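I open this notebook to record what I looked up in one structure. The entries follow in the order in which I made them.

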Amino acid sequence: MALKAIGALFEEAPAVDDGKACGIDRPVLLKGLPGGIKVEPAATIRCETALQLARWMEGSVKPSLEAAMPGEAITVLSQASAYVCRNRNGADEGRISEHAFGNAVDIAGFALKSGKTVTIRPADKEPTLEGAFQRAITEAACLYFTTVLDPGSDAAHQNHLHLDVKERRGGYRYCW
Ligand SMILES: [Zn+2]
């Protein structure tokens with residue numbers, strides 16, 4: 001209901017169960033975000049993940065873009081990974097990824113109304129408005145998601161933002 005109320009475009013999808021603890025009881029197929037932004041490709045995730053994604057877009061990404069590039073608008077959010085049954089960073093061993101529970105989504109970038117695209121890349125020191133935009137939305141993502149990994153985090157995240165809603169004891173967040 002909250003996802004509908006915020007204006008997201010989605011379908012309720014059948015339960016996913018791939019064994020090995022992977023799966024989502026009540027997934028949604030997220031196709032669009034408030035304001036007619038397309039999600040490409042459509043993302044299979046938990047409702048909570050979709051809702052936080054919509055809230056982050058509304059609360060941070062759209063206003064930050066308006067500040068950085070007045071008159072521009074986001075038409076497409078490109079996601080690089082949603083539900084997938086795998087370990088963290090695709091390793092053969094180790095802990096299972098939040099992607100395997102539908103808790104995570106990877107953001108590769110955005111397409112804009114003008115035809116320009118903004119892609120996530122190492123931008124910690126980039127002295128441009130686009131660099132400032134990426135840093136602003138990455139910082140703000142920690143208000144909506146409990147884990148935020150960006151190109152500054154490690155070699156596995158050079159071209160996307162990893163955002164997830166993993167629940168931690170004490171409500172701790174892991175963002176850097
Ligand atoms: Zn990820």
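**Entry 1: The zinc site**

I looked up the donors of the zinc ion first, and along the chain they follow the spacing H-x6-D-x55-H. The model is a predicted one, in which local features need pLDDT of at least 70 and side-chain atom pairs count only at pLDDT 80 or more, while totals for chains, interfaces and linings use all residues. Residues are numbered from 1 along each chain as its sequence is written, and side-chain values use heavy atoms, with hydrogens and water left out.

Which atoms of the protein hold the zinc ion? I noted H99 (NE2), D106 (OD), D106 (OD) and H162 (ND1), at 2.0 to 2.8 Å from the ion. Donors here are N, O and S atoms within 2.8 Å of the metal (3.2 Å for Na, K and Ca); water is not among the atoms, so sites may look incomplete.

I then checked the geometry: the angles among the 4 donor atoms run from 51 to 155°, and the site is irregular. For that term, four donors count as tetrahedral if all angles lie between 85 and 135 degrees; four count as square planar and six as octahedral if opposite donors are over 155 degrees apart and all others between 65 and 115; anything else is irregular.

Are H99 and D106 buried or exposed? H99 is buried, at a relative accessible area of 0%, and D106 is buried as well, at 4%. Buried means under 20% relative accessible area, exposed over 50%, and partly exposed in between (1.4 Å probe, protein chains only).

**Entry 2: Strand β4 and its partners**

I turned next to strand β4, residues 27-33, where 5 of the 7 residues are buried. Helices (H or I, at least four residues) and strands (E, at least two) are DSSP runs, numbered from the N terminus.

Which strands pair with β4? Strand β1 (residues 9-12) does so in the antiparallel sense over 4 bridges, and strand β5 (residues 37-46) in the antiparallel sense over 6 bridges. Two strands pair if DSSP finds at least two bridges between them. I recorded one facing couple for each pairing: E12 stands opposite V28 in β4, and L29 stands opposite T44 in β5.

The hairpin of β4 and β5 has 3 residues between the strands, and G35 takes a positive phi near 85° there. P34 is also in the loop between β4 and β5, and P34 is buried, at 5% relative accessibility. Within β5 lies P41, and the peptide bond from E40 to P41 is cis, with omega near -15°.

**Entry 3: The loop between β2 and β3**

I looked for other positive phi values. K20 has one of about 50° although it is not a glycine, and A21 has one of about 75°, again without being a glycine. K20 is in the loop between β2 (16-19) and β3 (22-24), as is A21. K20 is exposed, with a relative accessible area of 70%, and A21 is exposed at 59%.

**Entry 4: Pockets and a cavity**

On a 1 Å grid over the protein atoms alone, a cavity is a set of points where a 1.4 Å probe fits but cannot get out, and a pocket is an open set with protein on both sides within 12 Å along at least five of seven lines; lining residues have an atom within 4 Å of a point. Grid points are joined across faces, edges and corners, and a volume is the space filled by probe spheres set on the points.

The largest pocket holds about 340 Å³ of space. It is lined by 20 residues, and R88, N89, L149, H157 and H162 are the closest to its centre. H162 is also among the donors of the zinc ion. β9 (147-149) and β10 (161-164) each supply at least two residues of this lining.

The second largest pocket has a volume of about 170 Å³. Its lining includes E12 and V28, and α1 (2-6), β1 and β4 each supply at least two residues.

How many cavities of 30 Å³ or more does the structure hold? I found 1. The largest cavity has about 40 Å³ of space, and its lining residues include R121, D124, R135 and D150.
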